[in-house]
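Reader: I would like a close look at the strands of this model, beginning with a single hairpin and working outward from there. Please state the criteria behind each term as you go.

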Amino acid sequence: MLKIYFGSHPDEIYNTNLYFKNIYKDEWLSNDFVKRMIKEIDNSDVINNNAIKNDILGTFPPTGLSGGVKTLILIFFNPKKIFNISNCGDNCIPFLFEIAKKIEESSKINKKDITVCLHHFLRLQDGMAVKVINDKKRKVISDPIEFLMLANDYLRRN
């Protein structure tokens, strides 16, 4: 399940662009799921582990990917870390839930969740459920309006 902490978490990796730049591994771009995220979110194609091609931007290194894609890649390969997803646009959200599902399914014996921090309002789509973990209440929310009201409450406190 996807766990969301509204605001700053003490263990959060806030600057995902810088973190990506420092820990990126070439083999990450060989992953078919990562290639699909890059194609669908950034409208770009992976040429090899060090080059991505876009019709407008031309060829560029992985560090030139959007902040949203970089954040999703980090979450996918480092699910135990807590990343700031405020770099992610609404087009990243379905992939975030897909990553959470993949992580959960890959560890059937010990169910694993991913935890992210959110510093802005996110549009929760119908059928999506998250666990809000502020104040240790750990409330599961699937109603977009309730999620928005809770986000408003927590984000205004910060």
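Author: Strand S3 (residues 45-48) and strand S4 (residues 51-54) run antiparallel and are joined by three bridges, where strands (E, at least two residues) and helices (H or I, at least four) are DSSP runs numbered from the N terminus, and two strands pair if DSSP finds at least two bridges between them. This is a predicted model, in which local features need pLDDT of at least 70 and side-chain atom pairs count only at pLDDT 80 or more, while totals for chains, interfaces and linings use all residues. Residues are numbered from 1 along each chain as its sequence is written, and side-chain values use heavy atoms, with hydrogens and water left out.

Within the hairpin, which has two residues between S3 and S4, Asp45 has Lys53 of S4 as its bridge partner, and Val46 has Ile52 of S4. The hairpin belongs to an open, antiparallel sheet of three strands in the order S3-S4-S5. S3 and strand S5 (58-60) stand at its edges with a single partner strand each, so one side of each is left without a neighbour in the sheet. From one strand to the next the twist averages 30°, with axes taken as lines fitted to C-alpha atoms, for helices over the stretch in contact, and angles running from 0 to 180 degrees between N-to-C directions.

Another open sheet is formed by six strands in the order S2-S6-S7-S1-S8-S9, with mixed pairing. Its edges are strand S2 (12-13) and strand S9 (139-141), each of which has a single partner strand, so one side of each is left without a neighbour in the sheet. Helix H4 (residues 93-106) packs on this sheet, touching strand S1 (2-6), S7 and S8, and its direction makes about 155° with that of S7; contact here means heavy atoms within 4.5 Å.

S1 pairs with S7 in the parallel sense over five bridges, and Leu2 stands opposite Ile114 in S7. S1 also runs parallel to S8, to which three bridges join it, and the partner of Ile4 in S8 is Val132. Four of the five residues of S1 are buried, so this strand is largely enclosed by the rest of the structure; buried means under 20% relative accessible area, exposed over 50%, and partly exposed in between (1.4 Å probe, protein chains only). Strand S6 (residues 82-84) pairs with S7 over two bridges, again in the parallel sense, and Phe83 has Val116 of S7 as its bridge partner.

Thr115 lies in S7 and is buried, with a relative accessible area of 15%. Leaving aside neighbours within four places in sequence, Thr115 is in contact with Lys3, Lys81, Ile82, Phe83 and Ile133. Thr115 also helps to line the largest pocket, together with Tyr5, His9, Ile82, Ile133, Asp135, Lys136 and Arg138. About 150 Å³ of space lies in this pocket.

Between strand S7 (114-118) and strand S8 (130-132) runs a loop that holds Ala129, a residue that is partly exposed at a relative accessible area of 26%. Not counting residues up to four places away in sequence, Ala129 touches Met1, Phe97, Val140, Ile141 and Ser142.

Methods: 1 Å grid on protein atoms, 1.4 Å probe; cavity = no way out; pocket = protein on both sides within 12 Å on 5 of 7 lines; lining within 4 Å. Points joined across faces, edges and corners; volume = space filled by probe spheres on them.
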